[in-house]
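Hi,

Here is the structure I said I would pass on. Have a look at it first, and my notes on it follow below.

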Amino acid sequence: MKRGKSKVDAPKKADSKLSVKKGPERASKKPRKSKADKDPNKPKRPPSAFFVFMEEFRKSFKEKNPNNKSVSVVGKAGGNKWKSLSEAEKAPYVAKAAKFKTEYTKKIAAYNTNQSGGGSNAAGDEDESDKSKSEVNDDEEDEEGTEEEEEDDE
């Protein structure tokens with residue numbers, strides 16, 4: 001009997017949808033975006049009320065438990081203590097956090113103006129802020145105009 005080609009003997013065609021592309025064929029994918037570099041001059045965000053509380057709590061916990069080396073134990077104890085505090089007991093920490101936040105907003109505003117302006121001369125900018133930019137430019141044009149008139153008179 002003659003034996004015909006079966007499906008097993010036939011060469012398989014690779015399904016283009018399922019094949020894994022390797023090497024230069026894969027280059028058609030979009031490259032991954034890398035994170036932007038952090039600016040070391042940018043002010044740090046202010047701590048929340050909980051973190052203000054934890055700063056104080058860590059000191060007291062360390063005094064009571066000098067043998068404890070685990071950070072997680074301190075964090076869990078601080079979290080449980082924070083949850084058990086009433087709103088009145090949390091108030092001083094909330095007030096400190098609000099104070100830190102107002103300081104941060106001032107610092108970040110100054111940082112942003114320096115970034116957009118490109119200059120670090122903030123004191124000099126305040127003097128010019130009384131006049132609008134057009135008035136400042138008008139003053140410069142007036143000075144130039146008087147010099148031209150003097151040259152024309154000669």
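Before the first finding, a word on terms: by the bend at a residue I mean the angle between two fitted axes, one through the seven residues ending there and one through the seven starting there. Also keep in mind that this is a predicted model.

With that in hand, start with α3. This helix bends by about 25° at Y93. What about its length? The 31 residues of α3 (residues 87–117) should span 45 Å at 1.5 Å a residue, and the end C-alpha atoms are 43 Å apart, so the two values agree. Buried residues in α3 are K90, Y93, A97, Y104, I108 and Y111, so to speak of Y93 is to speak of a bend site that is also buried. The cover over the buried residues of α3 includes α1 (49–64) and α2 (71–84).

Now α1. It has 16 residues, and from first C-alpha to last it reaches 23 Å, close to the 22 Å expected at 1.5 Å a residue. A49, V52, F53, M54, F57 and F61 are its buried residues, and what covers them includes α2 and α3.

Which residues make up the largest nonpolar core? There are eleven: A49, V52, F53, M54, F57, F61, V74, W82, L85, Y93 and A97. Each of α1, α2 and α3 supplies at least two residues of this core, and α1 gives the most, with six residues. A49 is a handy place to zoom in: leaving aside residues up to four places away in sequence, A49 touches W82, Y93, V94 and A97.

Then the aromatics. A pair of aromatic rings is described by the distance of the centres and the angle of the planes. Counting rings with centres within 6.5 Å as paired, I get eight aromatic pairs. One of them is F50 with F51: the ring centres are 5.6 Å apart and the planes are at 70°, which is over the 60 degrees cut-off, so this pair is edge-to-face.

Are F50 and F51 buried or partly exposed? F50 has 25% relative accessibility and F51 has 47%, so both count as partly exposed. Ring pairs link F50 and F51 with F53, F57, F61, W82 and Y93 into a cluster. Of that cluster, F53, F57, F61, W82 and Y93 also appear in the nonpolar core.

That's what I have so far. Shout if anything looks odd on your side.

Cheers

Notes. Residues are numbered from 1 along each chain as its sequence is written. This is a predicted model: local features need pLDDT of at least 70, side-chain atom pairs count only at pLDDT 80 or more; totals for chains, interfaces and linings use all residues. Side-chain values use heavy atoms; hydrogens and water are left out. Helices (H or I, at least four residues) and strands (E, at least two) are DSSP runs, numbered from the N terminus. The expected span of a helix is 1.5 Å times one less than its number of residues. Buried means under 20% relative accessible area, exposed over 50%, partly exposed in between (1.4 Å probe, protein chains only). Contact means heavy atoms within 4.5 Å. A nonpolar core is a set of buried Ala, Val, Leu, Ile, Met, Phe, Trp, Tyr and Cys residues joined through side-chain atoms within 4.5 Å. Rings of Phe, Tyr and Trp (its six-membered ring) pair if their centres lie within 6.5 Å; planes under 30 degrees apart count as stacked, over 60 as edge-to-face and the rest as tilted.
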